[in-house]
Amino acid sequence: MTTILWKKLKSRGRSKAKAQELEYAIVEHINTHSEEDPEFYERFSDLLKRILREYRENWEILALELEKIRESMKRGQKR
């Protein structure tokens with residue numbers, strides 16, 4: 001296997017694992033805190049569903065988009 005192909009495969013595995021971990025953490029956070037501000041967390045829940053549909057096979061972009069959601073939720077909690 002070529003070095004470039006191997007690096008791509010390894011990177012994809014890391015991206016997939018990262019995306020899955022972020023998805024789990026975001027869902028867990030939404031479920032835990034949704035009663036505090038239902039509208040706020042419903043918006044993020046809807047956004048999460050849309051992003052998961054849109055990027056479901058592109059793990060690298062999915063991980064980046066999920067990280068953006070996580071950061072937005074963090075900023076939103078400090079308001």
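## A report on three helices and their contacts

K74 counts as partly exposed, at 36% relative accessibility. This residue is a good place to start. The model is predicted, and every value here is computed from it.

### From K74 into a network

K74 has a salt-bridge partner in E71, with the closest N and O atoms 3.9 Å apart. Both residues sit in helix α3, 3 residues apart, so about one helical turn separates them. Salt bridges with shared partners tie E67, R70, E71 and K74 into one network. One of its links joins R70 and E71, whose side chains meet at 2.8 Å, N to O.

How many salt bridges are there by this count? The total is 5. Another of them lies outside α3. E54 pairs with R50, and their closest N and O atoms are 2.9 Å apart. These two residues belong to helix α2, where they stand 4 residues apart, about one turn of the helix.

How open are these charged residues? The table gives relative accessibility for four of the salt-bridge partners.

| Residue | Relative accessible area | Class |
|---|---|---|
| E54 | 47% | partly exposed |
| R50 | 39% | partly exposed |
| R70 | 29% | partly exposed |
| E71 | 27% | partly exposed |

### Helix α2 and its two sides

Helix α2 runs over residues 38–54. Its 17 residues reach 24 Å from first C-alpha to last, close to the 24 Å expected at 1.5 Å a residue.

Which residues of α2 are buried? F40, Y41, F44, L48 and I51 are. They cover an arc of only 85° around the axis, so they fall on the same side of α2. The other side of the helix holds exposed residues: P38, E39, E42, R43 and R53.

### An aromatic cluster in α2

The aromatic rings come next. A pair of rings is described by the distance between the centres and the angle between the planes. The whole structure has 2 aromatic pairs. F40 and Y41 make an edge-to-face pair, 4.8 Å centre to centre with 90° between the planes. F40 and F44 make an edge-to-face pair too, at 4.9 Å centre to centre and 65° between the planes.

The spacing of F40 and F44 follows the helix. They are 4 residues apart in α2, about one turn. Together, F40, Y41 and F44 form one aromatic cluster.

Are these rings buried or exposed? F40 and Y41 are both buried. F40 has a relative accessible area of 5%. F44 also counts as buried, at 10% relative accessibility.

### The nonpolar core

The largest nonpolar core has 15 residues. Which residues have the most contacts inside it? They are I26, L66, I69 and M73. Helices α1, α2 and α3 each supply at least two residues of this core. Helix α3 gives the most, with 6 residues.

I26 shows how such contacts reach across the sequence. Leaving out residues up to four places away, I26 touches L48, L66, I69, R70 and M73. One of these partners, L48, is among the buried residues of α2. Another, R70, belongs to the salt-bridge network.

### Helix α1 and its distant partners

Helix α1 covers residues 3–33. S15 has its place in this helix. S15 counts as buried, at 12% relative accessibility. Which residues does S15 touch, beyond those up to four places away in sequence? The answer is W59, E60 and A63. S15 and N58 are 43 residues apart in sequence, yet 8.9 Å apart in space, C-alpha to C-alpha.

Q20 lies in α1 as well. Q20 is partly exposed, with a relative accessible area of 40%. The C-alpha atoms of Q20 and W59 are 9.0 Å apart, although 39 residues separate the two along the chain.

### A buried glutamate in α3

Helix α3 covers residues 59–77, and E65 lies in it. Is E65 buried or exposed? At 17% relative accessibility, E65 counts as buried, because the cut-off is under 20%. Its contacts beyond four places in sequence are with I51 and Y55. I51 is one of the residues buried in α2.

### The picture in brief

Three helices share the core. Helix α2 keeps its listed buried residues on one side, with exposed residues on the other. F40, Y41 and F44 gather in one aromatic cluster. E67, R70, E71 and K74 join in one salt-bridge network.

Key: Residues are numbered from 1 along each chain as its sequence is written. This is a predicted model: local features need pLDDT of at least 70, side-chain atom pairs count only at pLDDT 80 or more; totals for chains, interfaces and linings use all residues. Side-chain values use heavy atoms; hydrogens and water are left out. Buried means under 20% relative accessible area, exposed over 50%, partly exposed in between (1.4 Å probe, protein chains only). Contact means heavy atoms within 4.5 Å. The expected span of a helix is 1.5 Å times one less than its number of residues. The arc is that of the directions from the helix axis to the C-beta atoms. Rings of Phe, Tyr and Trp (its six-membered ring) pair if their centres lie within 6.5 Å; planes under 30 degrees apart count as stacked, over 60 as edge-to-face and the rest as tilted. A nonpolar core is a set of buried Ala, Val, Leu, Ile, Met, Phe, Trp, Tyr and Cys residues joined through side-chain atoms within 4.5 Å. A salt bridge is a side-chain nitrogen of Lys or Arg within 4 Å of a carboxyl oxygen of Asp or Glu.
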